[in-house]
Amino acid sequence: MIFSMSKTVLSSLFSKPSTRLYPITQRVPFKNTRGKIEIDIAACTFCGLCSKKCPTSAITVTRADKKWEINRLQCLACDYCVLVCPKKCLTMENAYTTPAVATSKDSFKVARVPDNTADSKDS
Amino acid sequence: MSKRTIIPFGPQHPVLPEPIHLDLVVEDEKVIEAIPSIGFIHRGLEKLVEKKDFIDYVYVAERICGICSAIHGQTYCQAVEEVMNIAVPERALYLRTIWGELSRVHSHLLWLGLMADGFGFEALFMHCWRLRETVLDMIEETTGGRVIFGSCKVGGVRKDIDKPTLERIVAKLNGMEKEIKEVTDVFIVDRSVKHRTVGVGVLSKQDAYELGAVGPTMRASGINQDMRKLGYAAYKQLKFEPIVETAGDSYSRCVVRIKEIFQSIDLIRQAAVQLPEGPIDVKVTGTPSGEFFARTEQPRGEVIYYLKANGTRFLQRLRVRTPTFANIPALVKLLQGCELADVPILALTIDPCISCTER
Amino acid sequence: MIEEQNILSVQPEELVAKVTACKNDGFRLVQIGCAKIDETFEINYTFDKDYRFEDLKVTVPCANATLPSVSHVYWAAFLYENEIHDLFGIDVTNIALDYKGNFYRTTVTAPFATSGSEAKELKA
């Protein structure tokens with residue numbers, strides 16, 4: 001057979017393209033899609049478990065400065081930190097990180113260091 | 001006697017975007033010998049196991065390969081579970097099977113596309129990958145990742161598939177079968193395609209056995225062996241027969257993979273019907289001690305995870321023998337005496353996955 | 001338990017004879033894998049026949065380790081033996097197709113021959 005492809009070719013000629021005009025129409029991610037890690041910094045206790053468990057050591061936690069940092073290009077969105085976080089302050093967003101040309105760290109810091117721990121829950 | 005020349009093939013080559021290097025000793029247009037060398041992207045993941053907790057290592061094991069990731073994770077978990085004597089809930093086993101088969105469908109469609117690209121049939125390549133995209137969407141919807149599933153863990157699975165989603169997936173796969181058939185028929189009946197594959201690179205049954213070939217490469221040469229028949233995960237309860245062809249040429253290897261796509265869809269259908277209710281994981285306590293060889297069937301063939309543990313949280317040794325590695329002797333043999341123009345096709349027919357090999 | 005796994009310990013001298021016996025019984029060579037356990041290398045020769053699993057285990061001390069080649073029995077073994085030579089630095093004698101250390105392109109010679117001492121430090 002020579003023209004075994006003709007039916008498929010003809011049908012794709014008269015149907016809508018399977019591809020998207022990317023920047024104009026964007027792909028809608030699924031609810032479950034592992035996009036990027038977000039943190040509710042106010043709830044974080046800086047225990048450092050996420051950074052210890054991270055397969056690529058993308059997360060750095062500095063307890064003294066109350067700082068939580070993530071290297072977006074190193075993170076492989078495995079969702080493990082979300083699973084192990086004892087305070088459940090990490091979440092997996094379904095949107096991907098925006099394309100980047102250089103490595104950068106996203107850093108989150110508790111803005112006001114409270115006088116005592118009781119206050120920190122409100123901050 | 002004509003002059004011998006050495007032509008380097010790879011590590012950068014248009015037909016194979018992965019870094020394997022072959023030194024082809026060529027006399028006129030005939031290949032006399034092929035000398036492989038690898039190690040360009042070796043990551044030493046086997047060594048990493050000595051520094052990573054065995055529970056955390058699942059995430060590394062899954063990333064050994066970008067195509068058969070689900071089954072890599074599953075095999076690792078299986079090895080640990082065997083050593084630790086963990087009974088995994090039935091539902092988890094079925095879910096692993098469903099994801100494993102989905103990954104087989106997408107891997108074979110990917111390969112068919114690459115094969116079409118290899119012999120210069122661009123339109124066919126695009127159509128194969130268009131179909132693969134639908135499967136990737138199913139995977140993303142259920143696990144969150146397109147090719148890296150992240151759904152397996154020691155003691156079960158991390159995510160569940162609810163009934164309506166599963167029914168929708170099965171319905172979609174049923175609908176896709178016709179479309180896949182339309183596209184794959186081109187590989188089977190088209191004259192110009194058959195010109196490139198029929199009778200090219202014949203691997204006899206004896207050779208396939210002696211060279212330790214695995215997976216579709218072995219089954220295309222007439223050896224009836226499929227590791228799924230061992231009955232791991234839920235395969236014991238599912239009905240299927242290994243797909244065997246006898247000619248042993250590139251065409252047979254192509255046909256085996258095409259038939260396996262339909263077999264996988266059938267297995268998903270069966271598993272979806274039988275999927276039991278219940279928990280999806282068990283709590284894992286203690287540390288592993290002992291050794292085990294876990295064997296499973298990946299899209300590319302049999303994979304071996306050898307695990308040795310001494311009762312600490314760090315494994316002593318993890319060895320991964322990937323299917324592509326086992327198929328390299330077969331490839332070396334196939335390339336001896338072939339035409340230079342057939343080298344890309346022959347290299348493709350063993351479905352090389354170098355990132356697996358460079359674990 | 002998924003399957004029964006027989007792991008037999010053999011001496012390096014009797015290895016080739018045992019492997020030849022396996023071949024005569026119609027077994028397929030599944031893999032050859034090396035593991036460094038403390039000061040010894042454990043090399044596993046795995047075979048399969050109709051889903052039956054057999055394993056031969058050879059233990060050699062690390063210092064000046066040598067092994068006889070089985071690639072004249074199973075030709076496919078040359079690849080595994082080259083791998084063991086390149087990654088663990090074991091001298092495998094008389095390989096059917098010896099790439100002489102050029103199979104794996106490594107910057108460090110025998111990268112896997114170092115012990116897992118780093119892992120031990122972490123445990124402490």
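User: How many salt bridges does a search of the whole structure find over all chains?

Analyst: The search finds 46 salt bridges, each being a side-chain nitrogen of Lys or Arg within 4 Å of a carboxyl oxygen of Asp or Glu. The model is predicted: local features need pLDDT of at least 70 and side-chain atom pairs pLDDT 80 or more, while totals for chains, interfaces and linings use all residues. Residues are numbered from 1 along each chain as its sequence is written, chains are lettered from A and ligands numbered from 1 in the order written, and side-chain values use heavy atoms, without hydrogens and water.

User: Why is the pair A:Asp79 and B:Arg158 called a salt bridge?

Analyst: The N to O distance between their side chains is 3.2 Å, so the pair meets the salt-bridge criterion. The pair crosses between chains, joining A:Asp79, in the loop between β3 (67–71) and α3 (80–84) of chain A, to B:Arg158, in the loop between β5 (156–157) and α6 (163–189) of chain B. Helices (H or I, at least four residues) and strands (E, at least two) are DSSP runs, numbered from the N terminus. Both A:Asp79 and B:Arg158 are buried.

User: What makes B:Lys308 buried, and what is B:Glu291 called at 26% relative accessibility?

Analyst: Buried means under 20% relative accessible area, exposed over 50%, and partly exposed in between (1.4 Å probe, protein chains only). B:Lys308 has 14% and is therefore buried, whereas B:Glu291, at 26%, counts as partly exposed. The two residues form a salt bridge, their closest N and O atoms being 4.0 Å apart. This pair links distant parts of the chain, with B:Lys308 in strand β7 and B:Glu291 in strand β6 (residues 289–298) of chain B, 17 residues apart.

User: How do you know that B:Glu302 is buried?

Analyst: B:Glu302 has a relative accessible area of 1% and is therefore classed as buried. This residue is found in strand β7 (residues 301–310) of chain B. Leaving aside neighbours within four places in sequence, B:Glu302 is in contact (heavy atoms within 4.5 Å) with residues including B:Met227, B:Arg295, C:Arg28 and C:Val30.

User: What makes the pairing of B:Glu302 with C:Arg28 a polar contact?

Analyst: A polar contact is a pair of N or O atoms within 3.5 Å; within protein, one must be able to donate a hydrogen and the other to accept it, and residues adjacent in sequence count only if both atoms are side-chain atoms. The side chains of B:Glu302 and C:Arg28 are joined at 3.4 Å, so the distance satisfies the limit. The side chain of B:Glu302 also makes a polar contact of 3.4 Å with that of B:Arg295.

User: Why is B:Asp28 called exposed, and what is its phi?

Analyst: B:Asp28 is called exposed because its relative accessible area is 57%. Its phi is positive, about 55°, although B:Asp28 is not a glycine. The residue lies in the loop between β2 (21–27) and β3 (30–37) of chain B.

User: Where does B:Ala233 lie, and is it buried or exposed?

Analyst: B:Ala233 lies in the loop between α9 (215–219) and α10 (250–274) of chain B. With a relative accessible area of 14%, B:Ala233 is therefore buried. Its phi, near 45°, is likewise a positive value in a residue other than glycine.
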